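Let us walk through this chain step by step. Keep the sequence beside you and find each element as it is named.

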Amino acid sequence: MELLKSENFDLLISDIMMPFASGIEILAELKNLQKKMPVLMLSSMGQEEIILEAFDLGAADFMVKPFSPNELIIRINRLLRK
């Protein structure tokens, strides 16, 4: 979280469920900091309410695990071109 405050990144890839902060908390912090970077969220949970919350907080894309590494690369390239 400290790096998000002090650094700028081209893209953030985050899982929803992580040990120290959830992906939703990270999205909320980015929104609070008014950081404009694409965020690709990953999750093994396919719950619609979590996906909608992530998009409401500014996620640019969402992938449900397991996923194809080739699809991940395609989505990363698409987000970086925007």
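Two strands pair if DSSP finds at least two bridges between them. Keep that cut-off in mind, and remember that the model is a predicted one.

Start with the sheet. Strand S1 covers residues 12-15, and strand S2 covers residues 39-43. How many bridges join S1 to S2? There are four, and the two strands run parallel. For one point of reference, look at Ile13, which stands opposite Leu40 in S2. Between these strands the chain has to cross over. The path leaves S1, passes through H2 and arrives at S2. This β-α-β crossover is right-handed.

Now add the third strand. S2 is joined to S3 by four bridges, and this pair runs parallel too. Here Ser43 stands opposite Val64 in S3. The result is an open sheet of three strands, ordered S1-S2-S3, with parallel pairing. Which strands lie at the edges? They are S1 and S3, the latter spanning 61-64, and each of them pairs on one side only. The sheet is twisted: from one strand to the next, the twist averages 20°. In a regular strand, side chains alternate between the two faces of the sheet.

Turn next to the helices. H2 spans residues 23-33, and H3 spans residues 48-56. They pack with their axes 9 Å apart, at an angle of about 20°. Angles under 35 degrees count as roughly parallel, so H2 is roughly parallel to H3. Their crossing is left-handed.

Which residues make this contact? From H2 come Ile24, Leu27 and Lys31. From H3 come Ile50, Glu53, Ala54 and Asp56. Sort the residues of this contact by kind, and you get four nonpolar, three charged and no polar.

One more helix touches the sheet. Helix H4, residues 69-81, lies across S1, S2 and S3. Its direction is at about 175° to S3.

Finish with two details of the loops. The first is in the loop between H2 and S2, where you find Gln34. The phi of Gln34 is near 60°, a positive value in a residue other than glycine. The second is in the loop between S3 and H4, which holds Pro66. What form does the peptide bond from Lys65 to Pro66 take, cis or trans? This bond is cis, with omega near -5°.

Key:
Residues numbered from 1 in each chain as written. Predicted model: local features only at pLDDT ≥ 70, side-chain atom pairs only at ≥ 80, totals over all residues. Heavy atoms only, no water. Axes fitted to C-alpha atoms, helices over the stretch in contact; angles between N-to-C directions. Parallel < 35°, antiparallel > 145°, perpendicular 65-115°, else oblique. Left-handed = near helix turned anticlockwise from the far one by under 90°. Contact = heavy atoms within 4.5 Å. Nonpolar A, V, L, I, M, F, W, Y, C, P; charged D, E, K, R; others polar. Right-handed = clockwise from strand over helix to strand, strands pointing away.
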